[in-house]
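Student: I am new to this structure and would like a close look at one part. Please take me through the ligand and the residues around it, then follow the charged pairs outward.

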Amino acid sequence: MAKTETPGENAQLKDIISHAKEYGFVYPSSEIYDGLQAVYDYGAYGVELKNNLKRLWWETMTRVSDNIVGIDAAIFMHPTTWKASGHVDSFNDPMIDNKDSKKRYRADVLVEEHAAKLENEGQVEKANSLTAALARLLEAEDLAGVRDLITNEGIKCPISGTSNWTDVRQFNLMFSTQVGSVAEDASTIYLRPETAQGIFVNFLNVQKTARMKVPFGIAQIGKAFRNEIVARQFIFRMREFEQMEMQFFVRPGTELDWYQKWADTRMRWHLALGTPAAKLRKHDHEKLAHYANAAMDIEFEFPFGFKEVEGIHSRTDFDLKSHQEYSKKKQQYFDPEINQNYIPYVIETSIGADRLFLLTLCNAYTEEKTEEKSRTYLKFHPAVAPVKAAILPIVKKDGLPEKAQEIVDALKYDFNIIYEDSGSIGKRYTRQDLIGTPFCIAVDHQTLEDNTVTIRHRDTTEQERVAISELHGRIAEATSFRRIFEKI
Ligand code: GAP
């Protein structure tokens, strides 16, 4: 179970990973046992950042939008759910093992990476024909053909350096476990691979009890589990992760308008959070899943290239219709405006909380080098920064710690505040920079005389003198979600 090699991690990502570990954001899971591949734990500052991102998403959906409500469905669901959704039969990745290194790879990823290498070497045409051949073979589910492609191209295992490959097989990504007696076959259940199905099976419950009228949405944040073959690039692809999904139920025939609207709204959300436009792009899916009539990803430029952060999918009535078939319970909505019953169509927005966390960390990680000094800091949007302000008495005597503690007490019910009195003031500023605290508030002897403090701003390192009575308002203004909501 030891953590294995992590190809694809470049120098910048490595710096971010070690920063995340050293400063209390993300640790490998069960590290004292050498970790568990593709599973991670969040530390003191990581959990605050992640909770802030989740709360921002939740409030955007359930407060800023008038017609979206939330649910919190269980991770375990009736096993037929996953028959109806198609996951039992087709939630597969093609895998191949190298017989010498005993390493397992996703066959399609091996070919894609080989094509990318060819492209980097200037063999663009060859790379394109390779990816086109791969797409044709996957479409035809020709796994023997995929293996031939790998061997004919001379693709080698990066560990053993040989082409001694097994056949390509389909590998279902769902984790299964047993409920009750292990012996009974019927007791096999799955850890959900997406949160969306918890929303679909509750569609009528929510619609009726929250008295929702189409068009309306149901939002959910929760854990999902996938037995990913290619697990790497830190928290980008994990086996246990969190999704933030929203299913928006619409009248059939209006779905493509809503799809466009949600794609634009979600892009504005990312921009409002401070992600530079140049680092975001939309990527339309050329090959649509069987249930979709339009789909796109919002991609972010991670240190390892542009990759999906969020998916926007027009899922038609596939899921509700399929649950109606399998459960034999009608999943229809009566639309009083047109006097008709129908199964609503669905637009889904789906974003990984961990992937958004990684995006936020990559965006924030800043190394500044001038001739005099170098400085590393995390330039988080103040609204999501784990700690909003650090209160720092410049010396540990003369009543300054007590005065600083009074300020902490006045602010701590509304903001996550740190008190720190050890080490030089410069070192304490540096430490707050490293965890991305937007404001450092120094308490000195003048404070005792006139109730003013020095605010030091993280991004500019500029300092200003302000009255203690102004602190609450200043911090509230800078950290409020409202400024983000207003831009969406
Ligand atoms: N319900 C639709 C769905 O699950 P998906 O594209 O498979 O669609 C949606 O996943 C989002 O979930 C992705 O855009 C990504 O942010 C996140 N995600 C998916 N697999 C992940 C993994 N193994 N680790 C971390 N995040 C993942």
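Tutor: What follows starts at the ligand and then moves to the salt bridges and a few single residues.

Keep one point in mind: this is a predicted model.

**The shell around the ligand**

Start with the neighbours. There are 21 residues around the ligand. Glu-194, Met-238, Glu-245, Glu-308 and Val-309 come nearest. What kinds of residue make up the shell: how many are nonpolar, polar or charged? Six are nonpolar, five are polar and 10 are charged.

Now look at the polar atoms. A nitrogen atom of the ligand lies 2.8 Å from an N or O atom in the side chain of Glu-228. At Phe-236 the backbone takes part instead: a polar backbone atom there is 3.4 Å from a nitrogen atom of the ligand. Gly-352 also uses its backbone, with a polar atom 2.9 Å from an oxygen atom of the ligand. How much of the ligand does the protein cover? On its own, the ligand has 560 Å² of accessible area, and the protein covers 91% of that.

Which elements give two or more residues to this shell? They are β10 (240–250), β13 and β16. Strand β13 gives the most, with five residues. Keep these three strands in view. They come back below.

**What the record says**

The UniProt entry, which is unreviewed, carries a "binding site" annotation. Among the residues it covers are Arg-106, Glu-194, Phe-241, Glu-242 and Glu-245. Others include Glu-348, Thr-349, Ser-350, Ile-351 and Gly-352. Do not picture one cluster. The annotated residues span 247 residues in sequence, and the farthest two C-alpha atoms are 26.7 Å apart, so they do not all gather at one spot.

Compare the record with the contacts. Glu-194 is annotated, and Glu-194 is also one of the residues that come nearest to the ligand. Glu-245 is annotated too, and is likewise among those nearest residues. Gly-352 is in the annotation, and its backbone has the 2.9 Å approach to a ligand oxygen.

**From Glu-348 to a salt bridge**

Glu-348 is another annotated residue. Its side chain meets that of Arg-315 in a salt bridge, 2.9 Å from N to O. Arg-315 sits in the loop between β13 (305–314) and α11 (318–327), while Glu-348 is in strand β16 (residues 345–352), so the pair ties together parts 33 residues apart in sequence. Are the partners buried or exposed? Arg-315 is buried, at 2% relative accessibility. Glu-348 is buried as well, also at 2%.

**Two more pairs**

The whole structure holds 33 salt bridges. Asp-444 and Arg-465 form one of them, with the closest N and O atoms 2.8 Å apart. Asp-444 lies in the loop between β21 (439–443) and α15 (445–450), and Arg-465 is in strand β23 (residues 463–467), so this pair ties together parts 21 residues apart in sequence. Asp-444 is buried, at 16% relative accessible area. Arg-465 is partly exposed, at 32%.

Salt bridges can also share partners. One such network joins Lys-50, Lys-54, Glu-242 and Asp-354. Glu-242 links this network back to the record, where it carries the "binding site" annotation. Glu-242 lies in strand β10, and is buried with a relative accessible area of 9%.

A third pair stays within one element. Arg-55 and Glu-59 form a salt bridge, and their closest N and O atoms are 3.6 Å apart. Both lie in helix α2 (residues 44–64), four residues apart, about one turn of the helix. Arg-55 is partly exposed, at 40% relative accessible area. Glu-59 is buried, at 11%.

**Two single residues**

Take Asp-335 next. Asp-335 is in strand β14 (residues 333–335), and is buried at 2% relative accessible area. Its side chain makes a polar contact of 2.9 Å with the side chain of Arg-251.

End with Lys-279. Lys-279 sits in the loop between α10 (255–272) and β11 (280–284). Lys-279 is partly exposed, with a relative accessible area of 30%. How far is Lys-279 from Lys-373? The two are 94 residues apart in sequence and 28 Å apart in space, C-alpha to C-alpha.

Terms used
Residues are numbered from 1 along each chain as its sequence is written. This is a predicted model: local features need pLDDT of at least 70, side-chain atom pairs count only at pLDDT 80 or more; totals for chains, interfaces and linings use all residues. Side-chain values use heavy atoms; hydrogens and water are left out. A salt bridge is a side-chain nitrogen of Lys or Arg within 4 Å of a carboxyl oxygen of Asp or Glu. Buried means under 20% relative accessible area, exposed over 50%, partly exposed in between (1.4 Å probe, protein chains only). A residue is near a molecule or strand if one of its heavy atoms lies within 4 Å of it. A polar contact is a pair of N or O atoms within 3.5 Å; within protein, one must be able to donate a hydrogen and the other to accept it, and residues adjacent in sequence count only if both atoms are side-chain atoms. Accessible areas come from the Shrake-Rupley method with a 1.4 Å probe; for residues, only the protein chains shown count as cover. Ala, Val, Leu, Ile, Met, Phe, Trp, Tyr, Cys and Pro count as nonpolar, Asp, Glu, Lys and Arg as charged, and the others, Gly among them, as polar. UniProt positions are given in the numbering used here, feature names are shortened, and annotations may be inferred rather than shown by experiment.
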